[in-house]
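Please open the structure in a viewer and keep the sequence panel visible. The tour proceeds by selections, each followed by a short account of what is to be found there.

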Amino acid sequence: MEQRNNTRGFSYIELMFTIAIVAALLTFVGSSINRIYALDAKKCANELDSMISSCKIGAMSRAGDVYLKIYVSDAGINAEYYENDLLVSSEKMGKKTIQLTYVDSNGVEYTGVSAQHPLVISFARETGQQLDFADSAVLADVTGATMASDVFCQTILVISAGNTYRIEMIPSTGRHSVTV
């Protein structure tokens with residue numbers, strides 16, 4: 001008696017099982033990539049918060065102009081720390097996959113943060129209060145930036161792959177913190 005060898009293809013059960021395994025692997029890889037982008041955004045927000053702290057400490061402890069310029073370039077998010085118009089520190093904070101926006105104290109959101117239109121942050125030497133956009137722009141000698149009097153940076157948003165980290169600022173005290 002001769003046995004038939006049936007090797008013409010996959011059965012429906014084998015095909016469904018293979019598709020289920022591939023779908024599970026793709027889901028795992030997708031969530032891993034999302035977590036990596038979230039970590040990049042979190043790191044960027046924490047580094048920006050640290051630079052803002054350095055700016056506040058510098059403004060309160062040194063005579064002269066102390067300010068921070070934050071902007072987005074082709075390389076990603078950058079922050080430059082100045083004392084008396086001399087660049088003290090320049091750091092790349094985030095990759096170009098991260099978006100940066102900020103919201104002023106009137107609730108207006110700004111998305112075009114570039115080297116030509118940076119977010120400039122500074123603090124009063126005597127009180128540690130955040131300076132308004134007009135005073136910060138004068139210190140940094142920036143034209144074209146948001147230069148409204150009595151308007152402050154309220155929130156900086158660091159966004160990547162659906163994850164948003166917020167640097168909440170309290171202008172009257174100069175305090176700030178990172179939240180999710």
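The stops below concern a predicted model.

**First stop: the sheet of four strands**

Select β1 (66-73) together with strand β2 (residues 76-83). These two strands run antiparallel and are joined by 8 bridges. Within the pair, Leu68 stands opposite Tyr81 of β2.

Now add β3 (86-94) and β6 (119-122) to the selection. The result is an open sheet of 4 strands, paired antiparallel in the order β3-β2-β1-β6. The edges are held by β3 and β6; each has a single partner strand, so one side of each is left without a neighbour in the sheet. Averaged over this sheet, and with direction ignored, neighbouring strands are turned by 20° against each other.

**Second stop: helix α2**

Keep the sheet displayed and select helix α2 (residues 133-140). This helix lies across β1 and β6, and its course makes an angle of about 95° with β6. Is α2 enclosed or open to its surroundings? Of its 8 residues, 6 are buried, so the helix is largely enclosed by the rest of the structure. The buried residues are Phe133, Ala134, Ser136, Ala137, Leu139 and Ala140. They pack against β1, β4 (99-104), β6 and β7 (153-160).

Both ends of the helix merit a closer view. At its start, a side-chain oxygen of Asp132 comes to within 3.2 Å of the backbone nitrogen of Ala134. After the helix comes Asp141, which has a positive phi near 55°.

**Third stop: β4 and its partners**

Select β4 next. This strand is mostly covered, with 5 of its 6 residues buried. What does β4 pair with over 6 bridges? The partner is β7, in the antiparallel sense. Strand β5 (residues 109-110) also runs antiparallel to β4 and is joined to it by 2 bridges.

Centre the view on Tyr102. Its bridge partner in β7 is Ile156, and in β5 its bridge partner is Tyr110. Then follow the hairpin of β4 and β5, where 4 residues lie between the strands. Gly107 in this hairpin takes a positive phi near 85°.

**Last stop: two cysteines**

Finally, select Cys44 and Cys153. Cys44 is buried, its relative accessible area being 0%. Cys153 likewise counts as buried, at 0% relative accessibility. How many disulfides does a search of the whole structure find? The search finds 0.

How values were computed: Residues numbered from 1 in each chain as written. Predicted model: local features only at pLDDT ≥ 70, side-chain atom pairs only at ≥ 80, totals over all residues. Heavy atoms only, no water. Buried < 20%, exposed > 50% of the residue type's maximum accessible area, 1.4 Å probe, protein only. Contact = heavy atoms within 4.5 Å. Polar contact = N/O pair within 3.5 Å; in protein donor to acceptor, adjacent residues only side chain to side chain. Disulfide = S-S within 2.5 Å. Pairing = 2+ DSSP bridges. Axes fitted to C-alpha atoms, helices over the stretch in contact; angles between N-to-C directions.
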